[in-house]
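Reader: I am new to this structure and would be grateful for a guided introduction. May we proceed by question and answer?

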Amino acid sequence: MLNVEPDSVASDAARRARPAVVRPRLRAGVALAATTIATAGMIGAAAGGASAAPAAECLWAGTSHPQGAAVSAGGRAFTCATDRLGAPRWVQGAAAGTPGTVANPGTRTAPAGVFSAGAWQPGTEYTDYCVGTQLIDGSESVYEVVADADGALRWRAAGPISQWAFAPGTGPVPTTRSASLCLPDEVIWPRS
């Protein structure tokens with residue numbers, strides 16, 4: 001006859017011994033994990049608080065304006081805010097009817113580093129363009145800074161120049177360019 005009892009006693013002893021060894025290790029591992037997570041959380045909170053970027057400032061003609069600042073340009077009010085991604089953006093308000101409180105050089109260069117999205121400026125030769133052999137004078141429109149999908153800033157026509165209130169004695173400056181800069185569209189004949 002087989003004696004099963006010593007085997008079961010041995011396995012019981014092994015089961016009892018293992019939990020005694022495993023449990024302290026398990027408890028130590030859980031405690032270490034909890035401590036690590038708590039420490040990482042505190043470090044992250046401290047780092048997040050210490051490295052939190054200040055609210056983005058808006059640019060108008062190369063000058064920074066803090067969030068909430070209001071400026072007047074072209075007869076309209078603009079307020080510095082942020083877009084849904086946190087990028088600085090000018091929000092246009094109602095017609096202000098007040099003189100401009102900021103410089104308005106017009107669309108003389110690309111807006112990046114000079115104007116934030118939402119800013120308006122009167123067009124200049126910089127915004128001239130061709131349609132076939134016809135030159136379209138950039139000074140006939142008001143332009144708004146817009147951000148492309150990749151975040152690059154560019155000027156986009158926002159309306160006729162009549163929407164911009166110029167200071168007395170000033171106005172749009174017509175282009176000095178001619179239609180000779182515009183190349184005729186290439187005509188492609190169908191092959192016979």
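**Salt bridges, sheet and pockets**

Author: In this predicted model, the count of salt bridges comes to 4.

Reader: Which residue forms a salt bridge with Arg177, and where do the two residues lie?

Author: Arg177 lies in the segment after S10, while its partner lies in the loop between S6 and strand S7 (129-131), so the pair ties together parts that are 49 residues apart in sequence. Arg177 is partly exposed, with a relative accessible area of 39%. The closest N and O atoms are 4.0 Å apart, and the partner is Asp128.

Reader: Is Glu144, the partner of Arg156 in a salt bridge, buried or partly exposed?

Author: The side chains of Arg156 and Glu144 meet at 3.4 Å, N to O. This pair links distant parts of the chain, with Arg156 in strand S10 and Glu144 in strand S9, 12 residues apart. Arg156 is partly exposed at a relative accessible area of 40%. Buried means under 20%; at 14% relative accessibility, Glu144 counts as buried.

Reader: What is the N to O distance in the salt bridge of Arg154 and Asp148?

Author: Arg154 is partly exposed at 36% relative accessibility, and Asp148 is partly exposed with a relative accessible area of 31%. Their side chains meet in a salt bridge with an N to O distance of 2.7 Å.

Reader: Which residues are joined into one network by salt bridges that share partners?

Author: Side chains of opposite charge can pair when their charged atoms come close. Here, salt bridges that share partners join into one network Arg89, Glu144 and Arg156.

Reader: Why is one side of S6 and of S10 left without a neighbour in the sheet?

Author: The open sheet has 3 strands in the order S6-S9-S10, with antiparallel pairing. Strand S6 (120-122) and strand S10 (153-160) are left without a neighbour on one side because they stand at the edges, each with a single partner strand.

Reader: Which residue in S9 is the bridge partner of Gln121?

Author: S6 pairs with strand S9 (residues 141-147) in the antiparallel sense, over 3 bridges. In S9, the bridge partner of Gln121 is Tyr143.

Reader: What is the volume of the largest pocket?

Author: The largest pocket is lined by 26 residues, and those nearest its centre are Asn104, Pro122, Trp164, Phe166 and Thr170. Its lining divides into 12 nonpolar, 12 polar and 2 charged residues. The volume of the largest pocket is about 500 Å³.

Key
Residues are numbered from 1 along each chain as its sequence is written. This is a predicted model: local features need pLDDT of at least 70, side-chain atom pairs count only at pLDDT 80 or more; totals for chains, interfaces and linings use all residues. Side-chain values use heavy atoms; hydrogens and water are left out. On a 1 Å grid over the protein atoms alone, a cavity is a set of points where a 1.4 Å probe fits but cannot get out, and a pocket is an open set with protein on both sides within 12 Å along at least five of seven lines; lining residues have an atom within 4 Å of a point. Grid points are joined across faces, edges and corners, and a volume is the space filled by probe spheres set on the points. Ala, Val, Leu, Ile, Met, Phe, Trp, Tyr, Cys and Pro count as nonpolar, Asp, Glu, Lys and Arg as charged, and the others, Gly among them, as polar. Two strands pair if DSSP finds at least two bridges between them. Helices (H or I, at least four residues) and strands (E, at least two) are DSSP runs, numbered from the N terminus. Buried means under 20% relative accessible area, exposed over 50%, partly exposed in between (1.4 Å probe, protein chains only).
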